[in-house]
Structure formats: C-alpha cells, structure tokens
Amino acid sequence: MTDTDFMREALALAAQAELEGEVPVGALVVCEGEIVGRGWNRPIVACDPTAHAEIVALRQAAEHLGNYRLSNCTLYVTIEPCTMCAGAIVHSRIERLVFGAPEPKAGVVLSNGQLLDAENLNHKVLYEGGVLADECSAVMSAFFKKRRAMKKEEKKKLQ
C-alpha cells in the first residue's frame with residue numbers, strides 16, 4: 001500500500017469521529033506495511049482531553065507491538081498535528097509522520113513553530129505533509145461549516 005492508500009484509511013477513521021460528533025480527524029500507525037494502530041478524535045466521547053486521533057492510534061500501536069517505542073513505524077494523520085500530539089510522536093520514537101492538510105491555527109509541524117525540527121529533541125522524526133491535502137481539508141471545512149450553521153439555527157430558535 002502507498003501513502004495515499006493509508007491516508008484514505010485515515011480519512012475513513014475521520015468519518016468515524018464525525019459520526020460520534022467529534023472533530024473529524026483520523027490517524028493510523030503502520031509498521032512494516034501492517035496497520036498496528038487506529039484512532040480518531042474522541043476527547044468529547046471519552047471525556048479525555050488527550051484523546052486526539054494520533055494519541056489513540058499511538059496507544060493502540062504500542063499495546064499491539066508490546067513496546068512504547070514505535071521506531072520502525074509511520075503515523076498517518078489527516079491533519080497536521082498539534083503540540084501535544086507532536087510531543088507524543090517524538091516520545092514514541094515514530095520514524096515517519098505523514099499528514100494530509102495543514103492546520104494553520106494549531107499545527108506545529110509546518111504551520112507554527114516547526115516543533116519537530118527543534119534542535120533540543122532527542123529523536124528526529126521524518127515528516128511529509130500534503131498527502132490528499134484537498135480531501136482532508138474538505139472534510140474539516142465541511143464539518144465546521146455544518147457546525148456553524150447548526151449554531152446559527154440554535155440562536156434563531158432562542159430569539
């Protein structure tokens with residue numbers, strides 16, 4: 001399977017998040033061509049502020065492999081990771097990160113701060129952004145457009 005194939009799988013996981021009323025972000029961890037961890041955003045459902053798609057996928061992969069170090073693994077995620085997730089990526093020793101769309105507000109790989117390029121990190125992660133970026137971005141845009149319309153409708157009902 002290619003990076004594009006794995007990103008399509010991550011997009012399917014993002015759809016699962018949306019079905020649960022969460023921001024539609026999906027992630028998966030691949031080791032030697034095998035998916036060993038899957039995750040989608042779950043902070044609301046799990047009542048856990050750390051339950052971002054990346055963290056959920058990393059936890060599942062570590063449990064599956066029996067090791068918190070995911071040295072030979074690639075993490076695929078539909079949206080550029082935030083600070084918390086970038087830290088988890090470094091600490092889990094992910095070899096490679098592949099993400100779809102940039103996240104101009106909270107993304108820290110390319111959009112803000114380029115955290116993975118910091119000199120003080122004890123592990124360097126290879127990364128690539130832009131895989132199925134248009135599709136990943138469209139999922140997020142549609143979600144927030146729908147959410148804004150719902151809020152507008154709620155306001156009207158209260159008036």
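This is a conversation about how the terms used for a predicted model are justified.

Colleague: What should I keep in mind about the model before we begin?

Modeller: The model is predicted, so local features need pLDDT of at least 70 and side-chain atom pairs count only at pLDDT 80 or more, while totals for chains, interfaces and linings use all residues. Residues are numbered from 1 along each chain as its sequence is written, and side-chain values use heavy atoms, with hydrogens and water left out.

Colleague: Why are E1 and E2 called antiparallel partners?

Modeller: Two strands pair if DSSP finds at least two bridges between them, a strand being a DSSP run of E with at least two residues and a helix a run of H or I with at least four, both numbered from the N terminus. Six bridges join E1 to E2, which run antiparallel, so the definition of pairing is met. One of these bridges links Val 29 to Gly 37 in E2.

Colleague: What makes the pairing in the sheet mixed?

Modeller: The five strands form an open sheet in the order E2-E1-E3-E4-E5 with mixed pairing; E1 and E2 run antiparallel, whereas E3 and E4, joined by five bridges, run parallel.

Colleague: Why do E2 and E5 count as edges?

Modeller: E2 and strand E5 (126-129) each have a single partner strand, so one side of each is left without a neighbour in the sheet.

Colleague: How do you know that H1 and H5 are roughly parallel or antiparallel?

Modeller: Their axes come within 10 Å and cross at roughly 10°, where axes are lines fitted to C-alpha atoms, for helices over the stretch in contact, and angles run from 0 to 180 degrees between N-to-C directions. Angles under 35 degrees count as roughly parallel, over 145 as roughly antiparallel, 65 to 115 as roughly perpendicular and the rest as oblique, and H1 and H5 are therefore roughly parallel to each other.

Colleague: Which residues of H1 and H5 meet?

Modeller: With contact meaning heavy atoms within 4.5 Å, Met 7, Arg 8, Leu 11 and Glu 18 in H1 meet Glu 135, Cys 136, Val 139, Phe 143 and Lys 146 in H5.

Colleague: What makes a group of residues a nonpolar core?

Modeller: The residues must be buried Ala, Val, Leu, Ile, Met, Phe, Trp, Tyr or Cys, joined through side-chain atoms within 4.5 Å; buried means under 20% relative accessible area, exposed over 50%, and partly exposed in between, with a 1.4 Å probe and protein chains only. The largest such core here has 40 residues, and Met 7 and Leu 75 are among those with the most contacts inside it.
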